[in-house]
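Work through these exercises with the sequence and the model side by side. Try each task before you read its solution.

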Amino acid sequence: MVKMLLADDDARLSDLVKEYFDGEGYEVTHAWNGQEALDYMEQDRPDIVILDVMMPVLDGFETLKQIRNKSAIPVIMLTAKGDDIDRILGLEMGADDYLSKPFNPRELLARIKAILRRSSQEREDDPMSDLSLSDVLLRRRDRTVYLNDEAIELTTSEYSLLECMMMVPGQVLTKQDLSEKALGRKLTMYDRSLDMHISNLRKKVGSFENGEPRIKTVRGVGYIFVDGAEG
């Protein structure tokens with residue numbers, strides 16, 4: 001049974017989500033604010049966290065910040081419809097995905113399944129095969145990534161993107177391909193999540209000694225992970 005932690009002070013929406021996901025076989029724990037969510041996570045580890053941006057006591061952003069200080073657990077942010085700033089900020093801070101209110105619970109379920117499916121596949125597919133390029137090492141057996149022999153913390157989405165690109169170094173991957181393979185959904189016209197995840201990942205893996213970025217943008221097409229031999 002999948003354990004889901006929902007942090008939202010909207011009683012009506014929370015009841016609706018809990019009722020729907022109970023029917024889908026999920027174990028849903030509800031927190032009224034970010035602090036309650038963090039307190040619960042100290043006692044039990046959920047499989048995924050759903051965070052509303054606007055909450056009393058501790059808002060979604062501060063809650064996400066504290067979660068990311070300790071864990072790479074998948075997080076989906078709930079934002080106000082049309083509020084691009086909240087969505088971008090959430091992704092910059094390490095959220096795996098976002099969903100605008102109001103939403104259909106079926107869409108939230110689809111997003112959750114996509115994230116958990118990626119995480120599960122990453123652990124099951126050839127877990128003993130490492131990917132190594134120059135000074136970046138991706139270890140599939142425990143889903144850890146090292147840069148110059150130092151571990152770097154990646155979210156589920158960032159790890160999936162890095163794995164996709166490191167499997168085909170020097171080859172351009174279109175945004176559509178990356179979205180479908182790494183994020184588990186087709187890219188829509190106004191979806192900025194892929195670009196934000198790449199931006200966060202680029203900051204974490206950095207550049208080569210000569211200043212050339214390891215992840216290059218191919219304008220109008222997609223992204224490429226530069227082979228160390230070319231860097």
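**Exercise 1.** Find how the axes of helix α6 and helix α8 cross.

*Solution.* Take α6 as residues 156-166 and α8 as residues 193-205. Helices here are DSSP runs of H or I with at least four residues, strands are runs of E with at least two, and both are numbered from the N terminus. The two axes come within 10 Å and cross at roughly 80°. So α6 is roughly perpendicular to α8. That term covers 65 to 115 degrees. Axes are lines fitted to C-alpha atoms, for helices over the stretch in contact, with angles from 0 to 180 degrees between N-to-C directions.

Next, list the residues in contact (heavy atoms within 4.5 Å). From α6 come Ser-157, Glu-158, Leu-161, Leu-162 and Met-165. From α8 come Leu-194, His-197, Ile-198, Asn-200, Leu-201 and Lys-204.

The model is predicted: local features need pLDDT of at least 70, side-chain atom pairs need 80 or more, and totals for chains, interfaces and linings use all residues. Residues are numbered from 1 along each chain as its sequence is written, and side-chain values use heavy atoms, without hydrogens or water.

**Exercise 2.** Set out the order of the 4 strands in the open sheet, and find its edges.

*Solution.* The order is β6-β7-β8-β9, with antiparallel pairing. Two strands pair if DSSP finds at least two bridges between them. β6 (131-133) and β9 each have a single partner strand, so they stand at the edges. From one strand to the next, the twist averages 25°.

Now place the helix. α6 lies across β6, β7 and β8. It runs at about 110° to β7.

**Exercise 3.** Trace the bridges from β6 to β9.

*Solution.* Start with β6 and β7, joined by 3 bridges. Here Ser-132 stands opposite Leu-137. Move on to β7 (residues 136-139) and β8, which pair over 4 bridges. Val-136 stands opposite Leu-147 of β8. Finish with β8 and β9 (residues 150-152), paired over 3 bridges. Leu-147 has Glu-150 of β9 as its bridge partner.

**Exercise 4.** Find the residue with a positive phi in each hairpin that involves β8.

*Solution.* The hairpin of β7 and β8 has 4 residues between the strands. Arg-143 takes a positive phi near 55° there. The hairpin of β8 and β9 has 2 residues between the strands. In this one, Asn-148 takes a positive phi near 55°.

Technical notes: Angles under 35 degrees count as roughly parallel, over 145 as roughly antiparallel, 65 to 115 as roughly perpendicular and the rest as oblique.
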